[in-house]
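Hi,

Here is the structure I promised to send over. Have a look, and my notes follow underneath.

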Amino acid sequence: LNPEVIPEDPVAAEDPGGRASFGTMSWIPFKIGQPKKQIVPKTVERDFEREYGKLQQLEEQTRRLQKDMKKSTDADLAMSKSAVKISLDLLSNPLCEQDQDFLNMVTALDTAMKRMDAFNQEKVNQIQKTVIEPLKKFGSVFPSLNMAVKRREQALQDYRRLQAKVEKYEEKEKTGPVLAKLHQAREELRPVRDDFEAKNKQLLDEMPRFYHSRLDYFQPSFEALIRAQVGYYSEMQKIFGDLTQQLDQPGNPDEQRERENEARLSELRALSIVAD
């Protein structure tokens, strides 16, 4: 949530999603209907484009982070549910009926997996409340912001159109009808100019404040995320520590088990029902 690459000279435009985006310049100086006078200083335009560009990146990063957090919690739940299912499948296997030691081992595993699943569910619920939902609420603010930028852009286009109209009459011979039309054009221009300047000032004042507010807003969420993970893995250490103590009995080393399994598999392959 800390955009670093900001376009230097973007242009306001509209994308299919209704959000303003930027290119290389905000107006074409020789386009018909455009004023000759620079009605908005270039420094003001650059400041506006820079601040809005940062918020556009913040919106995209917020959306991406929310999506990634949801995928992460879904994967966590799927993992613990699968672990529980595996232990239940082992318990229902006839092998457990034939070997009491194996039954005790699988029962201990099943208890550990159920404990893990319970703590995992608690962790996911905490992350949902303290991280995913705040991300979603923060992201819900951007449509209003984008609409305010769109209204500012519309006001700017009206301002330019009327300024060009005033300039057109100013360049004509000062006859009575021309002076009357010039006066009328200036009267039309005044409230439109004031409206644009008010919208522009409000956005230039509030966009930086909104951008910097992300720090205070998200810090508690990310602290809660870290604490949830620490709490979960601390419990996992206890659960698997207990499981280790229950299973920590003398037995064959892994290499010997592997050799025994290979020997049994060779015997199975030698049976006529599986022969090539």
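Start with how helix 4 and helix 5 meet: helix 4 passes helix 5 in a left-handed crossing. Keep in mind that this is a predicted model. Helix 4 takes in residues 142-171 and helix 5 residues 176-247, and the two pack at an angle of about 155°, their axes 8 Å apart. Since angles over 145 degrees count that way, helix 4 is roughly antiparallel to helix 5. As for what lines the contact of helix 4 with helix 5, its residues split into 19 nonpolar, 2 polar and 12 charged.

Next, the annotation. The unreviewed UniProt entry marks residues 48-75 and 145-172 as "coiled-coil region". How does the model treat those spans? Residues 48-75 come out as 100% helix and 0% strand, with the end C-alpha atoms 41 Å apart. For residues 145-172, the figures are 96% helix and 0% strand, and the end C-alpha atoms again lie 41 Å apart.

Then there's the core. Which residues of the largest nonpolar core touch the most other members? The core has 20 residues, and the ones in question are Met69, Ile127, Leu145, Leu203 and Met207. Helix 1 (42-91), helix 3 (100-139), helix 4 and helix 5 are the elements that each give two or more residues to this core. Helix 5 supplies the largest share, with 6 residues. So helix 4 and helix 5 turn up here as contributors to the core, as well as packing against each other.

Shout if you'd like to go through any of this together.

Cheers

Technical notes. Residues are numbered from 1 along each chain as its sequence is written. This is a predicted model: local features need pLDDT of at least 70, side-chain atom pairs count only at pLDDT 80 or more; totals for chains, interfaces and linings use all residues. Side-chain values use heavy atoms; hydrogens and water are left out. Axes are lines fitted to C-alpha atoms, for helices over the stretch in contact, and angles run from 0 to 180 degrees between N-to-C directions. Helices (H or I, at least four residues) and strands (E, at least two) are DSSP runs, numbered from the N terminus. Angles under 35 degrees count as roughly parallel, over 145 as roughly antiparallel, 65 to 115 as roughly perpendicular and the rest as oblique. A crossing is left-handed if the near helix is turned anticlockwise from the far one by less than a right angle, and right-handed if clockwise. Ala, Val, Leu, Ile, Met, Phe, Trp, Tyr, Cys and Pro count as nonpolar, Asp, Glu, Lys and Arg as charged, and the others, Gly among them, as polar. UniProt positions are given in the numbering used here, feature names are shortened, and annotations may be inferred rather than shown by experiment. A nonpolar core is a set of buried Ala, Val, Leu, Ile, Met, Phe, Trp, Tyr and Cys residues joined through side-chain atoms within 4.5 Å. Buried means under 20% relative accessible area, exposed over 50%, partly exposed in between (1.4 Å probe, protein chains only).
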